[in-house]
Every structure is written in C-alpha cells, then in structure tokens.
Amino acid sequence: MTIMSEVPATGGPYRQPIVASAIELTVRSGWSSVTMSKLAEIVGVSRQTVYNELGSKSQLAEAMISHELARFLAVVREAFERHPGDLVEAIHDAVRGVLELADDNLLLRAIVSATHGADTELLPLLTSRAGSLLGEATVMLRGRVRAYGPPLDAEQLDVAIDVVVRTVLSHIMQPSDTPARTADALAWMASRVLGATTARSLRHPSQS
C-alpha cells in the first residue's frame with residue numbers, strides 16, 4: 001500500500017500552501033530542515049493543522065512529489081491541446097515541455113543531486129514511487145494518444161507509449177542532450193512508428 005493512499009487527495013485549505021512551503025524550504029535549506037513546526041510558522045497555522053493536513057513527514061514528502069508530478073502532467077495536457085490534429089507535434093511539444101520543466105525544477109535537482117546532505121532521504125522515496133509515477137504518466141498519455149486514432153492495436157500502442165515515457169524519465173534523471181534535441185529525436189521516432197508524414201517526421205533529428 002502506498003503512503004498516498006492514506007492521504008486525502010485534496011485536503012483542507014492549508015494543504016497546498018503547506019506543500020508549497022515545504023518544497024521551497026527543501027530547495028533552500030534541505031529536507032532535514034523541514035519540520036512540521038517550521039511549516040506551521042511559515043504558513044501561519046498551528047502545528048496540529050499541519051499534521052491534520054499532511055500526516056507524517058513521509059506523507060508530506062509523498063505530497064510534494066505528487067504536487068510536482070501534477071505540474072509535469074499539466075505540461076503534457078497543454079501540449080496535446082495545442083495540437084489536436086497533429087500527434088507528432090503534440091508528442092514533440094510534450095517531451096520538450098517536460099524536459100524544460102525538469103531542467104528548471106529546483107526540487108528535482110536537489111533530490112537527484114542530493115546536494116543537501118540529508119536530502120538523500122528523498123531519493124529512495126522518489127525511486128520507490130517510480131512504478132506508480134510511471135503508471136500515472138502512461139495512463140494519461142495513453143488516453144491522449146488514442147484520441148488521434150493511431151494505426152496501432154492496443155498492445156502496440158502500449159509498447160510505444162512505454163518506450164517514450166521511460167526514455168523521458170531517463171532524460172529527466174540523467175539528461176544526455178538538450179530538451180529540444182531530445183524532443184526532436186523522440187518525435188522523429190514516434191513518427192516512424194506511427195507512419196506519420198508531417199514536416200517534422202520527414203526531418204531526421206541530426207538535421208535540426
């Protein structure tokens with residue numbers, strides 16, 4: 001059972017301010033500096049209110065990760081909404097947007113690089129949730145891609161989406177190229193799998 005199953009999905013009016021303050025404090029001073037008392041002081045509520053909204057510190061960490069995941073999924077949704085008739089362009093914009101957000105995400109960088117000593121406590125939590133994070137991203141992307149009616153059966157589509165999602169996650173954790181070039185490469189690969197013939201699909205990433 002995941003920790004998040006024990007935490008209300010929405011919570012009360014102070015939940016989001018508390019989570020946002022915890023993220024800011026972690027980025028600035030490290031995860032070890034985050035305490036329920038300090039968060040209560042920052043938000044201007046009682047310590048009991050913080051516990052009522054988030055529960056334990058480990059549940060707070062889960063809420064922080066879920067908060068960041070929601071930001072990434074919002075980028076994907078917006079990319080697909082900008083290109084309702086061009087799946088390759090939607091994939092390109094989604095990949096580029098996610099990687100640019102990751103590159104600028106201070107919390108993610110603090111967790112991955114473990115620059116704050118005790119922040120290494122957050123890295124195992126992130127990796128332990130990798131399966132559920134992957135699942136959430138895959139389900140959302142599958143629904144978006146299916147709306148375009150790609151020439152793939154359900155099993156083939158799942159394989160293609162899994163490859164894209166895992167590749168993007170790999171580049172988030174350890175980028176090997178710029179967001180733009182990585183997006184070009186994945187869009188080109190997707191166009192070949194989908195048999196698309198858009199202008200972008202005709203240009204190999206090396207020609208960008």
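R166 is partly exposed, with 48% of its relative area accessible. That makes a handy way into this predicted model, and the pairing of R166 gives us the next step. The side chain of R166 meets that of D162 in a salt bridge, at 2.9 Å from N to O. D162 is also partly exposed, at 25% relative accessibility. Both residues belong to helix α9, which spans residues 154–173, and they sit four residues apart, about one turn of the helix.

**Salt bridges**

How many salt bridges does the model hold? The count comes to eight. As background, side chains of opposite charge can pair when their charged atoms come close. Here are three of the bridges, with the N to O distance for each.

| Pair | N to O distance |
|---|---|
| R166 and D162 | 2.9 Å |
| R181 and D177 | 3.1 Å |
| R144 and E81 | 3.8 Å |

The pair R144 and E81 is worth a second look, with its side chains meeting at 3.8 Å. R144 lies in helix α8 (residues 130–146) and E81 in helix α4, so this bridge ties together parts that are 63 residues apart in sequence. Is each partner buried or exposed? R144 is partly exposed, at 24% relative accessibility, while E81 is exposed, with a relative accessible area of 53%. The cut-off for exposed is over 50%, so E81 falls in that class.

The remaining pair in the table is R181 and D177, whose side chains form a salt bridge at 3.1 Å. R181 is partly exposed, with a relative accessible area of 39%, and D177 is partly exposed as well, at 36%.

**Helix α2 and its buried side**

Now let us turn to helix α2, which runs over residues 36–43. Which residues of α2 are buried? They are M36, L39 and A40. These residues cover an arc of only 105 degrees around the axis, which means that they lie on the same side of α2.

What covers those buried residues? The cover includes three other helices: α1 (15–29), α3 (47–54) and α4 (57–82). Helix α4 has come up already, as the home of E81 in the bridge to R144. So that you can find the end of α2 in the viewer, look for G44: this residue comes just after α2. G44 takes a positive phi of about 85 degrees.

Conventions. Residues numbered from 1 in each chain as written. Predicted model: local features only at pLDDT ≥ 70, side-chain atom pairs only at ≥ 80, totals over all residues. Heavy atoms only, no water. Buried < 20%, exposed > 50% of the residue type's maximum accessible area, 1.4 Å probe, protein only. Helix = DSSP H or I, 4+ residues; strand = E, 2+ residues; numbered from the N terminus. Arc of directions from axis to C-beta. Contact = heavy atoms within 4.5 Å. Salt bridge = Lys/Arg side-chain N within 4 Å of Asp/Glu carboxyl O.
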